Amino acid sequence: NYVSARVEQLHGVTAAAVLADPTTLHRQVHEEDRSRVAELEARAAAAMEPFRAEVRVCLPSGETRWRLFTSAPRRLPDGRLLWDGIELDVTERRRDDEERARLQAQLAQAQKIEAIGHLAGGVAHDFNNMLVVILANAELAQQQLEPTSPLASHLDDIHRAAVHSAELTRQLLAFARKQTISPQVLDLN
C-alpha cells in the first residue's frame, strides 16, 4: 500500500497516519457529501469501475476545501478492496464559479430593473398623452362655466387630480430615464 507524502499538504495528516487508519481521509469529507461519496464508491466497487466526485473536505485546521477525487477500486489477491486514486484541489475554480454565478444573478436583476424602467416609461408616456387631453378638456370646460355652477367644483377636482397624475407621470418618466427629479420654475416669457 502506498500513500503519497503530498497527503500531508492536502489533508494535514501524515501518510503514515492514513496507512494506519485508511478511514482518516473519509472522515474529512464534509458530512453533507459523505452519503453521495459512499454511494459512488459502492457502485464503483460493484462494477469495478472508477468514479469521479467533487466534494468538500474539512481539514484539521478548520478550513473547508473543494476536491475533485478520481478513484478506482482494485482487488488484492487476498480479496481486500484497495482504492487507487488522485485528487485535485478545485477550491479556487469553485469560488470563481460561485462568483460568476453571483455576478450573473446581479446582471439578471439589473436587466429586470431596466425592463421595468422601459415598461414604466412606455406606460407613463401613454398615460401622459391621455392626461393632456383630460387637462385640456377640463380647462376648456372650466372657462365655459360660471364659477358658481355646481359643475365647477367637479371640474376643479378633475383638474387637480389630472395635475397630480401628471406629476406622478413625470416621476415615472424620470425613473425610466434614470434622471434625477429636480423641478424648477421657468419663466416662459
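Is Asp-97 buried, exposed or partly exposed? Select this residue to begin the tour: at 33% relative accessibility, Asp-97 counts as partly exposed. The model on display is a predicted one.

**First stop: Asp-97 and its partners**

Add Arg-93 to the selection. The side chains of Asp-97 and Arg-93 form a salt bridge, with an N to O distance of 3.8 Å. Both residues belong to helix H5, and being four residues apart there, they are separated by about one helical turn. Arg-93 is likewise classed as partly exposed, at 38% relative accessibility. Now extend the selection to Glu-54, Arg-94 and Arg-100, which are linked with Arg-93 and Asp-97 in a network of salt bridges.

**Second stop: the length of helix H5**

Select residues 91-144, which make up helix H5. At 1.5 Å a residue, these 54 residues should span 80 Å, and the C-alpha atoms at the ends are 78 Å apart, which agrees. Next, colour the buried residues of H5: Thr-91, Gly-117, Ala-120, Gly-121, Ala-124, Leu-131, Leu-135 and Ala-138. Among the elements that cover them are strand S2 (64-75), strand S3 (81-89) and helix H6 (150-176).

While H5 is still displayed, pick Ile-116, which lies in this helix. Together with Ile-113 and Phe-175, Ile-116 makes a nonpolar surface patch of about 290 Å².

**Third stop: helix H6**

Move to helix H6, which has 27 residues. The distance from its first C-alpha to its last is 40 Å, close to the 39 Å expected at 1.5 Å a residue. The residues to highlight here are Ala-152, Leu-155, His-159, Ala-162, Ser-165, Ala-166, Thr-169, Leu-173 and Ala-174, which are buried. These buried residues of H6 pack against H5.

For a view from the H5 side, select Gln-142, which is placed in helix H5. Gln-142 is partly exposed, with a relative accessible area of 26%. Which residues does Gln-142 contact, leaving aside its neighbours within four places in sequence? They are Leu-155, Asp-156 and His-159. Of these contacts, Leu-155 and His-159 are among the buried residues of H6. A C-alpha distance may also be drawn from Gln-142 to Ile-158: the two atoms are separated by 10 Å, while the residues are 16 apart along the chain.

**Fourth stop: strands S2 and S3**

Select Arg-74 and Asp-84, whose side chains meet in a salt bridge of 2.7 Å, N to O. Arg-74 lies in strand S2 and Asp-84 in strand S3, so the pair ties together parts that are 10 residues apart in sequence. Both ends of this bridge are partly exposed: Arg-74 has a relative accessible area of 37%, and Asp-84 has a relative accessibility of 35%.

**Fifth stop: the aromatic pair**

Remain at strand S3 and display Trp-83, together with Phe-51 in strand S1. The structure holds one aromatic pair. How are its rings arranged? The centres of the Phe-51 and Trp-83 rings are 5.8 Å apart and their planes stand at 85 degrees; an angle over 60 degrees counts as edge-to-face, so the pair is edge-to-face. The two residues are 32 apart, and the pair links distant parts of the chain. Phe-51 counts as buried at 9% relative accessibility, whereas Trp-83 is partly exposed, with a relative accessible area of 27%.

**Sixth stop: Arg-56 and Glu-32**

Continue along strand S1 (residues 51-58) to Arg-56, and add Glu-32 from helix H4 (residues 31-47). Their side chains meet in a salt bridge of 3.3 Å, N to O. The bridge ties together parts that are 24 residues apart in sequence, because one partner lies in S1 and the other in H4. Arg-56 is buried, with a relative accessible area of 18%, whereas Glu-32 is exposed, with a relative accessible area of 57%. Across the whole model, the count comes to 19 salt bridges.

**Last stop: Gln-28**

Finally, select Gln-28, in helix H3 (residues 24-28). At 6% relative accessibility, Gln-28 counts as buried. Not counting residues up to four places away in sequence, Gln-28 touches His-11, Val-13, Arg-56, Val-57, Cys-58, Leu-59 and Pro-60. Arg-56, visited at the previous stop, is thus one of the contacts of Gln-28.

Note on methods. Residues are numbered from 1 along each chain as its sequence is written. This is a predicted model: local features need pLDDT of at least 70, side-chain atom pairs count only at pLDDT 80 or more; totals for chains, interfaces and linings use all residues. Side-chain values use heavy atoms; hydrogens and water are left out. The expected span of a helix is 1.5 Å times one less than its number of residues. Buried means under 20% relative accessible area, exposed over 50%, partly exposed in between (1.4 Å probe, protein chains only). Contact means heavy atoms within 4.5 Å. Patches are made of residues with over 30% relative accessible area and no salt bridge: like charges are joined within 9 Å, nonpolar side chains (Val, Leu, Ile, Met, Phe, Trp, Tyr) within 5 Å. Accessible areas come from the Shrake-Rupley method with a 1.4 Å probe; for residues, only the protein chains shown count as cover. A salt bridge is a side-chain nitrogen of Lys or Arg within 4 Å of a carboxyl oxygen of Asp or Glu. Rings of Phe, Tyr and Trp (its six-membered ring) pair if their centres lie within 6.5 Å; planes under 30 degrees apart count as stacked, over 60 as edge-to-face and the rest as tilted.
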